[in-house]
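Subject: Structure for you to look at

Hello,

Please find the structure below, with the notes on it underneath.

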Amino acid sequence: KNYDEEDIVEIFTKLNEVFKEECKRINEKTSSSRTGIYVFHNGSIASHGLPFFKMTCVSEWITRSSGFQEQISKHTNLNLALFSSLIEELYNNGEFVISDENPDIERDIYAFMSTRAKTSIFTCVYDDDNRIMAFINSEFKDNLSEAEINKAKVVMKHACAKIQPVLEFSSYQN
């Protein structure tokens, strides 16, 4: 712990501002309906030290009139074992695209998407040591073309670079 508990509201406000702004910017530049930032964490530890591997949505932005609903309250302390295929794809490739037109998508990955999403793009955020610490997920109400997907990936990677030092809390403190 390298922060003062008395400053927790100030720290949250500053972090949240950056996260919300990047989610909103992604939605505006890509015409996505919902964008969320998910952070990996150790939810707690078993009696003999085994960490419980989890992820939590720390911010999201939903485009008005998109018909999408917030997921932040539902996507908290999610056990990574429930989404092992997604996590393996992110670990191996750094990004992943799923579409409702792809019948080969495993149930755990598909279940992660909003019920309204036709396309969902996941892009990893890496720390300075090239370890995954988070990912951004953008959901679209339509099936995207390859060109639209590639454009969205560029926008999302730019956002990853902007939030990386904020997520890497020690860098944020400096």
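Two strands are taken to pair if DSSP finds at least two bridges between them. Strands (E, at least two residues) and helices (H or I, at least four) are DSSP runs, numbered from the N terminus.

This is a predicted model, in which local features need pLDDT of at least 70 and side-chain atom pairs count only at pLDDT 80 or more, while totals for chains, interfaces and linings use all residues. Residues are numbered from 1 along each chain as its sequence is written, and side-chain values use heavy atoms, with hydrogens and water left out.

The sheet

Six strands make up an open sheet with antiparallel pairing, in the order β3-β2-β1-β6-β5-β4. The edges are held by β3 (78–79) and β4 (95–99); each has a single partner strand, so one side of each has no neighbour in the sheet.

From the β3 edge, β2 and β3 pair over 2 bridges in the antiparallel sense, and Met55 stands opposite Leu78 in β3. β1 and β2 are joined by 10 antiparallel bridges; Val39 has Thr56 in β2 as its bridge partner. The hairpin of these strands, β1 and β2, has 5 residues between them, and Gly49 takes a positive phi there, near 100 degrees.

At the other edge, 5 bridges join β4 to the antiparallel strand β5 (residues 119–126). Glu95 stands opposite Thr123 in β5. β5 and β6 pair over 8 bridges, also in the antiparallel sense, and Tyr126 has Ile132 in β6 as its bridge partner. A hairpin with 5 residues between the strands is formed by β5 and β6, and Asn130 in its turn has a positive phi of about 60 degrees.

How enclosed is β5? Of its 8 residues, 7 are buried, so β5 is largely enclosed by the rest of the structure. Buried means under 20% relative accessible area, with exposed over 50% and partly exposed in between (1.4 Å probe, protein chains only).

The helices

Contact here means heavy atoms within 4.5 Å. Angles run from 0 to 180 degrees between N-to-C directions, with axes fitted as lines to C-alpha atoms, for helices over the stretch in contact.

Helix α4 (residues 146–167) lies across β1, β4, β5 and β6, and runs at about 35 degrees to β5. In helix α2, the buried residues are Ser85, Leu86, Ile87 and Leu90. After α2 comes Gly94, with a positive phi near 80 degrees.

The second largest pocket

A pocket is an open set of points on a 1 Å grid over the protein atoms alone, with protein on both sides within 12 Å along at least five of seven lines; lining residues have an atom within 4 Å of a point. The second largest one has a volume of about 170 Å³, where volume is the space filled by probe spheres set on the points, and points are joined across faces, edges and corners.

Among its lining residues are Lys29, Phe140, Asp142, Glu148 and Lys151. Which element gives the most to this lining? That is α4, with 3 residues.

Regards

Definitions and conventions: On a 1 Å grid over the protein atoms alone, a cavity is a set of points where a 1.4 Å probe fits but cannot get out, and a pocket is an open set with protein on both sides within 12 Å along at least five of seven lines; lining residues have an atom within 4 Å of a point.
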